[in-house]
Number of protein chains: 2
Amino acid sequence: MHPLRRHIEEVVSLEDAEFDFILSHFTPINKRKHQYLMQEGEWINNEFWVIKGCLRAYVLDELGKEHIIQFAVEDWWITDYQAFEKGMKTQIYVDCLEDSELLYITKENREKLSAELQKMQQFWARKTKLGYIASQNRVLSLLKNTAKERYELMCAQYPNIIQRVSKKMIASYLGVSRETLSRLY
Amino acid sequence: MHPLRRHIEEVVSLEDAEFDFILSHFTPINKRKHQYLMQEGEWINNEFWVIKGCLRAYVLDELGKEHIIQFAVEDWWITDYQAFEKGMKTQIYVDCLEDSELLYITKENREKLSAELQKMQQFWARKTKLGYIASQNRVLSLLKNTAKERYELMCAQYPNIIQRVSKKMIASYLGVSRETLSRLY
DNA sequence: AATTTGAAGTGATGTAGGTCACAAGTGGAT
DNA sequence: ATCCACTTGTGACCTACATCACTTCAAATT
């Protein structure tokens, strides 16, 4: 079964014809390690789904420091939702931490597909709610946990990401310096 | 015009009959300052919309410290989305900072209304996306801004909330001690 | 009116985590 | 095979912010 179909069917069940119709709205794209899907200042119009690989979304602050918004590995979605939803220029960078195989859908195709297939609207609504909940939990973790606690929670929640990306990246996701993270144990 | 209708029509336009149908899924409720809409450990089944008043959602950590998840004033929605969506017991508290007039909708009525009225599904999808974006921005602010910068960003973004709630509450939303907040200027 | 409760400011001191600097090891690129 | 960029660890020192303690003042509560 196509991995995207398996992924969507975790939320809503699909007929063969429905999945073919869905898939026809996506385009495959391959990127190599260090290549960017988007860079600050660009107009972005696509949401990406990871078939294989590992990526990150991050911002640069005034001092040039990177702050990681999210990682994405197999079965994850990634884009700049603020730019994508509000039709703004992006303020973030998305690059590949490994060679990656992706599918992308344009904003227009996403809207068309939502309108034509109720199930996809349900699917995306569900994904957005879960993303919102996860983000609120991340805020709470930043408010109430120490650096060490946040690291341990991340190890428990995303063990596969911990194993695939450098400590420096993890530090920048957790909001701690790489030196401090290195000294936790 | 009913304030809820005005609020929904900021996203999707409605016929009179549609709004009457929507409103029939909500129940009004009034609460006084210091009263709780939910407390840790309860099963919660309602999402609240604020006609008038001011509320907050917060968690208590192991040390008994409060961390504010969100405020809600006129036109805002509030509940424990994690408990509401995943059918869990709530881990948070929601209480009134002022006497408040609310409308609430049960999970069942929300699902029924979404299924029966495409426009409401669109409306809630939009609200969830914007909530997700706002929460990601809050994470980024915690990662890249100092306490003072976060306070100033909050003053710019939510001036009405700054004026209505105590500095202690604001400190607990920003992730800073009330003493430090008091010393910023 | 008297009393309690909470808000807000501020001094003194403590600490988690940041920054800078350096070293050793590792994997790609040419 | 060599070089270079990157990763990780670690010592020395610094700082933003927390904590504790006390005070003043205003607003609820009785």
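# Exercises on two chains and a DNA strand

The loop between β1 (27–31) and β2 (36–38) of chain B contains His34(B); strands here are DSSP runs of E with at least two residues, helices are runs of H or I with at least four, and both are numbered from the N terminus. The model is predicted, so local features need pLDDT of at least 70 and side-chain atom pairs count only at pLDDT 80 or more, whereas totals for chains, interfaces and linings use all residues. Residues are numbered from 1 along each chain as its sequence is written, chains are lettered from A and ligands numbered from 1 in the order in which they are written, and side-chain values use heavy atoms, with hydrogens and water left out.

## Exercise 1. A backbone angle

Characterise the phi angle of His34(B) and classify the residue as buried or exposed.

*Solution.* Step 1: phi of His34(B) is near 80°, which is a positive value in a residue other than glycine. Step 2: the relative accessibility of His34(B) is 60%, so the residue counts as exposed; the class requires over 50% relative accessible area, buried means under 20%, and partly exposed lies in between (1.4 Å probe, protein chains only). Step 3: in chain A, His34(A) has a positive phi near 80° and sits in the loop between β1 (27–31) and β2 (36–38) of that chain. His34(A) is exposed, with a relative accessible area of 60%.

## Exercise 2. An annotated span

Locate the span that UniProt lists as "domain: Cyclic nucleotide-binding" in chain A, and describe its secondary structure.

*Solution.* Step 1: the unreviewed UniProt entry assigns this domain to residues 32–113 of chain A; the positions follow the numbering used here, feature names are shortened, and annotations may be inferred rather than shown by experiment. Step 2: residues 32–113 of chain A are 16% helix and 44% strand, and the C-alpha atoms at the two ends of the span lie 29 Å apart.

## Exercise 3. The relation between the chains

Find the operation that superposes chain A on chain B, and state which C-alpha of chain A is nearest the axis.

*Solution.* Step 1: two copies of a chain are related by a rotation about an axis and a shift along it. Step 2: here the rotation is 180° and the shift along the axis 0.0 Å, with an RMSD of 0.0 Å. That is the relation of a two-fold axis. Step 3: in chain A, the C-alpha of Tyr132(A) is nearest the axis, 2.2 Å from it. The copies are superposed by least squares on the C-alpha atoms of residues with pLDDT of at least 70 in both.

## Exercise 4. The surface near DNA strand D

Describe the residues that surround DNA strand D, and identify the helix that gives the most to this surface.

*Solution.* Step 1: DNA strand D is surrounded by 16 residues, the closest being Lys167(A), Arg178(A), Arg183(A), Ser177(B) and Thr180(B); a residue is near the strand if one of its heavy atoms lies within 4 Å of it. Step 2: the surface comprises 8 charged, 6 polar and 2 nonpolar residues. Asp, Glu, Lys and Arg count as charged; Ala, Val, Leu, Ile, Met, Phe, Trp, Tyr, Cys and Pro as nonpolar; and the others, Gly among them, as polar.

Step 3: α8 (167–174) and α9 (178–182) of chain A, together with α9 (178–182) of chain B, each supply at least two residues. The most come from α9(A), with 3 residues. Step 4: among the atoms of DNA strand D within 4 Å of the protein, 37% belong to sugar or phosphate and the rest to bases.

Step 5: a polar backbone atom of Ala147(B) is 3.0 Å from a phosphate oxygen of DNA strand D, and a backbone N or O atom of Lys168(A) lies 3.5 Å from a phosphate oxygen of the strand. On the base side, a polar side-chain atom of Glu179(B) is 3.3 Å from a base nitrogen.

## Exercise 5. Salt bridges

Count the salt bridges over all chains, and explain what the pair Arg164(A) and Glu98(A) ties together.

*Solution.* Step 1: the structure holds 32 salt bridges over all chains, each being a side-chain nitrogen of Lys or Arg within 4 Å of a carboxyl oxygen of Asp or Glu. Step 2: Arg164(A) and Glu98(A) form one at 2.9 Å, N to O. Because Arg164(A) lies in helix α7 (residues 159–164) and Glu98(A) in the loop between β7 (93–96) and β8 (100–106) of chain A, the pair ties together parts that are 66 residues apart in sequence. Arg164(A) is partly exposed at 30% relative accessibility, as is Glu98(A) at 24%.

Step 3: Lys112(A) and Glu116(A) form a salt bridge at 3.7 Å, N to O. These residues are 4 apart in helix α4 (residues 107–116) of chain A, and so are separated by about one helical turn. Step 4: in chain B, the side chains of Glu9(B) and Arg5(B) meet at 2.7 Å, N to O, in a salt bridge; Glu9(B) is partly exposed at 27%, whereas Arg5(B) is buried at 14%. In chain A, a network of salt bridges links Arg5(A), Glu9(A) and Asp16(A).

Key. A polar contact is a pair of N or O atoms within 3.5 Å; within protein, one must be able to donate a hydrogen and the other to accept it, and residues adjacent in sequence count only if both atoms are side-chain atoms.
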